[in-house]
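Here are some short exercises to work through with the model open beside you. Try each task before reading its solution.

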Amino acid sequence: MADHVSITVDDRAAQAVFARLEAVGKKPPMKAVATELYMFVRKTFYYDQTDPWGNQWPPLSPLTLKARRRRKNSSHQKLLDTSKLWASIKDRNTDFEAIVTAGEGLGDPRATVNQFGTTNAGRSRNVRIPARPFFPLRGETPDIPEPWWPTLAEPIRKALEEAAT
C-alpha cells in the first residue's frame with residue numbers, strides 16, 4: 001500500500017487554448033464588429049428612417065420643407081438635406097473596441113442635435129428640432145437592439161471557436 005496520496009493537474013491543453021486565444025488578439029474580430037455596427041447605423045439612418053428600435057422618426061416640419069424647396073431640394077428624406085451628416089458616419093476599431101461615430105469634423109452639432117433633439121435651434125434659438133435617433137443610444141447609454149446582437153456577436157463567436165479548435 002502507498003504511503004501517500006497525490007493528484008496531478010496537467011494544464012497543457014488549457015495552455016494551448018490560451019495561446020490560440022492570444023492569437024485571436026493579433027487578428028481581432030472587432031474590425032468585423034465595427035463594420036456590422038456601421039452598416040446597422042447607416043441602414044437605420046438612410047433606408048429605415050427610424051430609430052434603431054423601429055420607431056418612425058417625426059415628419060419634417062413645414063418650415064423645413066419650405067426651406068428645402070427654396071434651395072431647390074425637394075427631398076422629403078429626413079437628415080439628408082446636404083448629406084454631410086450621412087457622409088460623416090465612420091467606423092474604426094481597436095483590438096478591444098468597435099467604434100462608430102457621426103459628426104466628427106463637421107464643425108457643428110448636427111449629429112447630436114438630430115440624435116437627441118433640441119429646443120434652441122434657429123437664429124432666435126427657440127426652434128424645436130425633434131430627436132431622430134440613428135445611433136442605438138438611450139440618452140448617452142448604449143442600448144443595442146436585440147435583433148442586432150446575433151450579427152454583432154458572430155465575429156467574436158467565430159474567432160473564439162477558431163481559437164478553441
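**Exercise 1. Find where Arg-125 sits in the chain, and decide whether it is buried or exposed.**

Step 1: Locate the residue. Arg-125 belongs to the loop between strand S3 (118–121) and strand S4 (127–129). Helices (H or I, at least four residues) and strands (E, at least two) are DSSP runs, numbered from the N terminus.

Step 2: Look at the accessibility. Arg-125 has a relative accessible area of 56%, so it is exposed. The classes are buried for under 20% relative accessible area, exposed for over 50%, and partly exposed in between (1.4 Å probe, protein chains only).

Step 3: Check the backbone. Arg-125 is not a glycine, yet its phi is positive, at about 60°.

A note on the model before you go on: it is predicted, so local features need pLDDT of at least 70 and side-chain atom pairs count only at pLDDT 80 or more, while totals for chains, interfaces and linings use all residues. Residues are numbered from 1 along each chain as its sequence is written, and side-chain values use heavy atoms, with hydrogens and water left out.

**Exercise 2. Work out where confidence is lowest and where it is highest in the protein chain.**

Step 1: Start with the whole chain. Its mean pLDDT (the predictor's confidence in each residue, from 0 to 100) is 85, and 92% of the residues reach 70 or more.

Step 2: Go to the extremes. Helix H1 (residues 12–26) has the lowest confidence, with a mean of 71, and H2 has the highest, at 93.

Step 3: Apply the reading rule. Where pLDDT is low, the predicted coordinates should not be read in detail.

**Exercise 3. Describe the surroundings of Thr-44 and Gln-49.**

Step 1: Place both residues. Thr-44 is part of helix H2 (residues 30–48), and Gln-49 is in the loop between H2 and helix H3 (62–70).

Step 2: Judge burial. With a relative accessible area of 3%, Thr-44 is buried; Gln-49, at 9%, is buried too.

Step 3: List contacts (heavy atoms within 4.5 Å). Leaving aside neighbours within four places in sequence, the residues in contact with Thr-44 include Gln-49, Trp-57, Phe-134 and Trp-148.

Step 4: Add the backbone. Gln-49 has a positive phi of about 55° although it is not a glycine.

**Exercise 4. Identify which residues of H3 are buried and which are exposed on the other side.**

Step 1: Pick out the buried set, which is Leu-65, Ala-67 and Arg-68.

Step 2: Look down the axis of H3. The buried residues fall within an arc of 160°, so they line one face of the helix. The arc is that of the directions from the helix axis to the C-beta atoms.

Step 3: Turn to the other side of H3, where Pro-62, Leu-63, Arg-69 and Arg-70 are exposed.

Step 4: Move just past H3, where Lys-72 takes a positive phi of about 65°.

**Exercise 5. Test the span of helix H6, then trace how Val-33 meets this helix.**

Step 1: Compare the spans. H6 (residues 149–164) has 16 residues, so at 1.5 Å a residue it should span 22 Å, and its end C-alpha atoms are indeed 22 Å apart. The expected span is 1.5 Å times one less than the number of residues.

Step 2: Look for a bend. H6 bends by about 30° at Pro-155, as the angle between axes fitted to the seven residues ending there and the seven starting there.

Step 3: Name the buried residues of H6: Leu-152, Pro-155, Ala-159 and Ala-163.

Step 4: Bring in Val-33 of helix H2. Val-33 counts as buried, at 8% relative accessibility. Its contacts, not counting residues up to four places away in sequence, are Ala-98, Leu-152, Pro-155 and Ile-156.

Step 5: Compare sequence with space. Val-33 and Leu-152 are 119 residues apart along the chain, but their C-alpha atoms are separated by 5.4 Å.
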